[in-house]
Each structure stands twice: as structure tokens, then as C-alpha cells.
Amino acid sequence: MTIRVYWQLDVAEDAARSEPGARQSGLFRDVRPSTLNRYDYYAQVAQAAAQTAFDGLFVPHRPQSDDSNIVVAAIAREAPRLSLIPEFPASAGSAVYAAKQAVSFQRQTHERLGWAIADAGEAAERARDGDHVPEEQVHARVEEFLTVARGVHAERPFSFAGAHFEVEGGGFHEPLNRVAFPKVFLQGESEEALALSARAADVHLFAAAPLSRLGGLAGTLDGLALREGRSIELGLVQPVLAREDAGDARRDAARAGLPDTAIAGSYAEVAERLAESAASGFRHFVLAAPSSLEEAYRIGQHVLPRFRALTERVAATA
Amino acid sequence: MTIDFYWRLPSHGCHGSLRDTAYDRGDWSPIGPRNVAPGLDRNGEDDGFRYIDHLAAIAKAAESVGFLGGLIPSFPNTDDPWVISPLLARETRAFRFMIAFQPGFLNPVHAARMSASLQRATGGRTVFNIITGGGGPSQLWWGDGFSHDDRYGRTTEFLDVFKGVWGGDRFSYDGRFYQVRDGGLSSLLAREEIPEIWFSGSSDAALESAARHADYYLSWLEPFDQLADKFRRVKERTAALGGEQKCAVRVDLVARPTEEEAWAEVRAGFESLGPERRQQARGGPTDSVGAARQQALRPSEATRYEDLIVAPNLWGGFSLLRGGPALGIVGSYAQCAARLDELIARGTDAFILAGTPHLEEAYRIGEEVLPLLGHKARVLLQAAE
């Protein structure tokens, strides 16, 4: 089974980097035009991920910074091979319109789009975003959103009348309906989240946690999916920090304030830990580290080859 | 005073010529050896190009001849302008992306974030063409069940919220369609300029909404008296509400070195049509007042192309040859420039021009017609003195 490894481009991190507004005027002669901007950095990270053989780029939803869908489209043509997975909330707008944008993206980029649906956030956050869906309907809304988006992609005429979305006689014509629908990544550990994934996800992305805990959650998800007659691929969002020397890794991890669930260690150690997750059935890995460009090179150059060698060995002996 | 000239990115495929109704640019017709972007290589395999590669060529042509940017239309069977614009953001330098969209399809707070992000990606090259009408069966296709006049109310509220959250933090709004509590874009996003807003719509409800939020009022070409009257009403109504409204026309041109060549092109296109195609061009039922005003020209009942000449250099049969408005301008380069001058003299502040095929005609009109503009205006000015 194929393992897919994505690099995380967190647009809110390294926030001053390449930001024209953050430039210091001073001693040195600065001829950078304002058109040289943050998106050049995003493109750099994408190219770094592509050149070090990541399979894709995962762009989390960060309301305080650039919109993930705009970011992936802006860099898509400069990173021609990568899968691009923007994360966005189901409150973004009409499901039909979201699907139409998705197929347009698929058509122009050789079907490289993935969809990660973001958590709806707390009630106050939703109210700030003009989103008044009641708490108990948050998951139902995601399910309707996906049902309608997939429906207008797969069928014509497609009609649906739900609590949140409605369409009549919908469905895309040629040539918009010729492309594949993006793979859908859902997240969350609550019972509702797992049950939703069982019905509607292609991939469920778990937050990094000890394998014993992840194993339990994955088992629950498998059981729920089985009842739906479906099978959900498992994924992991894993913070990593790898250095040639394990001591350096622990030192830099402390400096960077990484979460407890991060894997920090030598290249070989990080690769082994990831391979353990792969052996437990995880197939999609979103790797994340602050200083996205530099770490993409480091992980891509030193950890991915070791990780892939280990998982191929596991696959061969299985 | 300067006039803004935009071109158009055909997000629904492009014809290589007005004489052929097949979309041989793009994949809206079955792909054959003649198609470009995408096309087939010499072994009959996918050549790897996608339609966006052709749109990139048109955008670069338009920006290089001096068009400010281009309108990117949105219909059920187009690629989407919110995707096309960021895809092309980094390979164009001056080209402004005029995104046509129906505000009801997006959450206004989310739309504000997307727009500010696109402004950052393009250096402020985002323009909006807000569509509210349309209606009929296609609104339900989009998943939108609101009535015509409700949609204008919603558009007004959408723009209230869109501009409100852009204006700073702790923005609250309690409308009929949208409610926001303590919202607002981050300072990183809020320091971008709000995109210029172009509005369409011929109904009273549309004019009311435009008066409040639009920078430009956009109309398809109509017979000049009718159009001048409409623009006068729009400007008067906005002034009565304390605002100021600029007016813009979207129009196709067939411009050739001589008038005879231009009409020969139109005639060849018209005579290539079978009766079925003419029936198709009749158009479906709609609650769009603008579309109804165009259908009144009844091109589908014409038997000769001359039947559709409604005024010097004005032909009412374009909707037979390609989707979109019926009325367009046909003539020599000088005549086309004179008609545009006349529109300017009668209250037009900006244009969205187009020609078939969009790539080559961007060069032709940019190089042959636009430089002739203003000659007649100067003559009129001198005569007035």
C-alpha cells in the first residue's frame, strides 16, 4: 500500500518572512519591489517540498493569514507535481460553488487537489465569521456539504434538500464532470467526528499522539466504517524535528517549543518512529515543523529516504 | 479623464473564429487534433497542457497591449474565476482579474479573507463583477432558492458585511441574511485595498443595490439612446442617494482594416449557422431583466445577417455565433473607435471589450483600435468651442 507524505505549509508561521510590510529600512540598499512578497515564500516552500520528493503540500486554515484555497492556487503552477490540500471550513459558502471551484482546480492542475475540512471552531469564533450553525449541527453540516459537493460532481440531475444546503436539478456538464473529485480529509477525535468520517471521509487525519492511543481511535473508526460498508484511510499530522545528531535535535526542539507529541531525534530515529506508525496502518503523513522551508529540505533530504526504505521493507515482509 | 479598458478571459472555451461554433480552444467540444490547451500530441496522446495555459496566453496578450485586465465570467459551465485568478496571479504583472461571482454563494467574511489574500498574491489586482440576477432554473442549479428581489437585498447585505469586516475588528451586523458578532479581518489582511466593485443588473432592485455599493455600473451594449438613458438614470439615482456612479459597457467588436472585411466576417459566421443553432440561440426563460432586454432583439428570427443591423456598425446577432449578449460593434478600425468614442461621449466611463478569438483579437484591438480613440471626441470638443 502506498504511503503518501505531505509537507505542512503553515501560512501563519514565520509571519514576517518575505512580508513587504515587515521590511526594515536602514543601512543596506533595498531594491525589492512590493511585488516580491509572501507568496514568493509560499512558492519556495512548495518547490522545496517538490524537489525533496514530498508527495504533497498541506495548507492549514489560518483565519488571521492568507486563505488556503488562494495560496494553493497561487503556487500550483510553480509546483507541478505536488498534491495540494487546502484546509477550509464548511461555512465557506455554498457546497455547489465549492464543488465547482474544486473541479475547475482539478481540470487545470491535473487533478492534484485534496480537501481538508477544518474544525468549525467555538461558537464565538463562528459568530465572528458570520456562521450561526448550532453546535449540535456542526458535523451534520459537514456531511451535507460533502454530500452536495460530491452529488453535483457525480450525478446529473442532482437534487438535495437538507437543513443547510439545497439544490435542484444540479450537476455539472461536460467537460467539468470529467475530473475526479478531490480526496476528502476529515479530522477530530470525538465520537461524532469519527462517525462522520466513517460516513464521509476518504482519509481521517489524526493529531499526533502515542501509538497506543492512536491505535484505539483507529480501531473505533474502523468499526464505525465497517458498519457503513466503507473503509477509511488513516492519516497523521505529525510535528517533527530531525537533526543529524539526536542531542542537537532535542536541543532545537526545546528551543522551538514543539508540542509533546512531536518526534524529535536523529534522522534515523525520526524515520523509525514514522515507520512504526506506518506499520500500525497509517498511510498519509502530514509532517510539520517551524521554519517550513529549511525543515522541508532537511526532512525531505534525510528522513524521507530512510522512512521510505523502512516502509518498503515492512511492505515486502508483510 | 482616462477611460478604463478591460478585456475578457473566456472561462467557457474559445472559438478559433466567428465562422465556427465549435470550441476548438479548450475542451468544451470533443478534443481533436485541432484543439489547443488541452490538445493531443502527434501520437494522439494528451499533450499535458490544460485550458489555463491558453487563458494565461490571453491574459499576457491583454496586459502587454495595455488592457487593465479582464473580466472572467461565471456561468454553470465555466471554470471558476476564483480559481483562474490565483492560478494566473504570479505569471502576470499588471493584469487585473475581474472576478464575476454571485455573492450569495459565499460567506461574506470568508469572501473578504479570500479577497484580501488574492490582493496580497496579486499586488492589488482584484476587481469584482458582482452578479445578482440570472435567476430562473439556473439559480436552483446553483443551490440558490431566493427570489429575484431578495437576492438584491442579500447582495447589499453581503457587501455591507464584506466591507464591514474589512474595515477593522469588532464589526457586528444584524441583517436579514447575515449576522456577524465582533468580526473583522486581521490587520495583515485588512491593510489591503477593497477590490473595485462592478455591478450589473437592469432592474430597479439592482439599481438600488448598485447605488449603495458599486464603483461601476456595468451593462451589456444596448442601442445607444436606450443605453445613454439607462446610464443617466443610474447616475441620477446614485446622485440622489449621495453617491457617484461610473458606467461601463461590455461589448464585442469585429474590427477589420475595412468595413467590408468586418461585415464579410459577420456574414460568413451568420451563413454558417443551421436552423437548429438559431433556435438554440433563442435562450431559455430568465428573470434577468438585462437578458430579457437583449432577447427583445430576436436574432433567431432573422433570415439574412443584414436584418440584424440595428444602427450603423451595430449588429444584433452575436448571440447566434457565441454565448452572451446579442449586440456588438462591426466596422473598420476607425469606425469601431468612433463608436466607442460616441459611447464615451454619452456617459461611458469604462469598457470590457472582447473579440473572437480572444487571444489574437486582444492584440488587434489593443494595437489597431484603442490608439485611434479620442480623435472624434477632440473634434466634437473643437466644434463645441
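This is a short tour of a predicted model with two chains, A and B, to follow in your viewer.

**Stop 1: chain A as a whole**

Select chain A and colour by secondary structure. You should find 10 helices and 11 strands. The radius of gyration of chain A is 20 Å, close to the 20 Å that the globule rule gives for 318 residues, so chain A is as compact as a globular protein of that length. Turn the chain about: along the principal axes, its C-alpha atoms fill a box of roughly 60 × 55 × 40 Å.

How much of chain A is buried? Of its 318 residues, 50% count as buried. Now think about which parts of the chain meet. Among the contacts in chain A with a separation of 6 or more, 68% come from residues 24 or more positions apart.

**Stop 2: a stretch with a record**

Next, select residues 34–258 of chain A. UniProt lists this stretch as "domain: Luciferase-like", in an unreviewed entry. Over these residues the chain is 44% helix and 20% strand. Pick the two end C-alpha atoms of the stretch, and you will find them 33 Å apart.

**Stop 3: a pair of strands in chain A**

Select strand β1 (residues 4–8) of chain A, then add strand β2 (residues 56–59) of chain A. These two strands pair in the parallel sense, over three bridges. For one spot to zoom in on, take A:Y6, whose bridge partner in β2(A) is A:G56.

Stay with β2(A) for a moment. Are its faces covered or not covered? Both faces are covered: A:G56 and A:F58 are buried on one side, and A:L57 and A:V59 are buried on the other.

**Stop 4: over to chain B**

Now select chain B, which has 15 helices and 13 strands. A compact globule with 385 residues would have a radius of gyration near 21 Å; chain B has 21 Å, which agrees. Its C-alpha atoms fill a box of roughly 65 × 60 × 40 Å, taken along the principal axes. Buried residues make up 54% of the 385 residues in chain B.

**Stop 5: where the chains touch**

Show both chains together. Here 43 residues of chain B are in contact with 47 residues of chain A. On the chain B side, the elements that give two or more residues are α1 (51–65), α2 (81–89), α3 (108–122), α4 (137–141) and β6 (179–183). Which of them gives the most? That is α3(B), with nine residues. Colour this side of chain B by residue class, and you will see 23 nonpolar, 10 polar and 10 charged residues.

**Stop 6: along helix α3 of chain B**

Zoom in on α3(B). This helix is mostly covered, with 14 of its 15 residues buried. Try checking its span as well: at 1.5 Å a residue, the 15 residues should span 21 Å, and the end C-alpha atoms are 20 Å apart, which agrees. Just after the helix, look for B:G123, which takes a positive phi of about 70°.

**Stop 7: one arginine to finish**

Finally, select B:R50, in the loop between β1 (4–8) and α1 of chain B. Is B:R50 buried or exposed? It has 22 other C-beta atoms within 10 Å, and 20 or more count as buried, so B:R50 is buried.

Which residues does B:R50 touch, leaving aside those up to four places away in sequence? They are A:R107 and A:Q108 in chain A, and B:A37 and B:P38 in chain B. To end, draw a distance between the C-alpha atoms of B:R50 and B:A37: these residues are 13 residues apart along the chain, with their C-alpha atoms separated by 4.9 Å.

Conventions:
Residues numbered from 1 in each chain as written. Chains lettered and ligands numbered in written order. Predicted model: local features only at pLDDT ≥ 70, side-chain atom pairs only at ≥ 80, totals over all residues. Contact = placed C-beta atoms within 7 Å. Helix = DSSP H or I, 4+ residues; strand = E, 2+ residues; numbered from the N terminus. Nonpolar A, V, L, I, M, F, W, Y, C, P; charged D, E, K, R; others polar. UniProt positions renumbered as here; feature names shortened; annotations may be inferred. Rg over C-alpha atoms; globule rule 2.2 N^0.38 Å. Buried ≥ 20, exposed ≤ 12 C-beta atoms within 10 Å, placed from the backbone. Expected span 1.5 Å × (residues − 1). Pairing = 2+ DSSP bridges.
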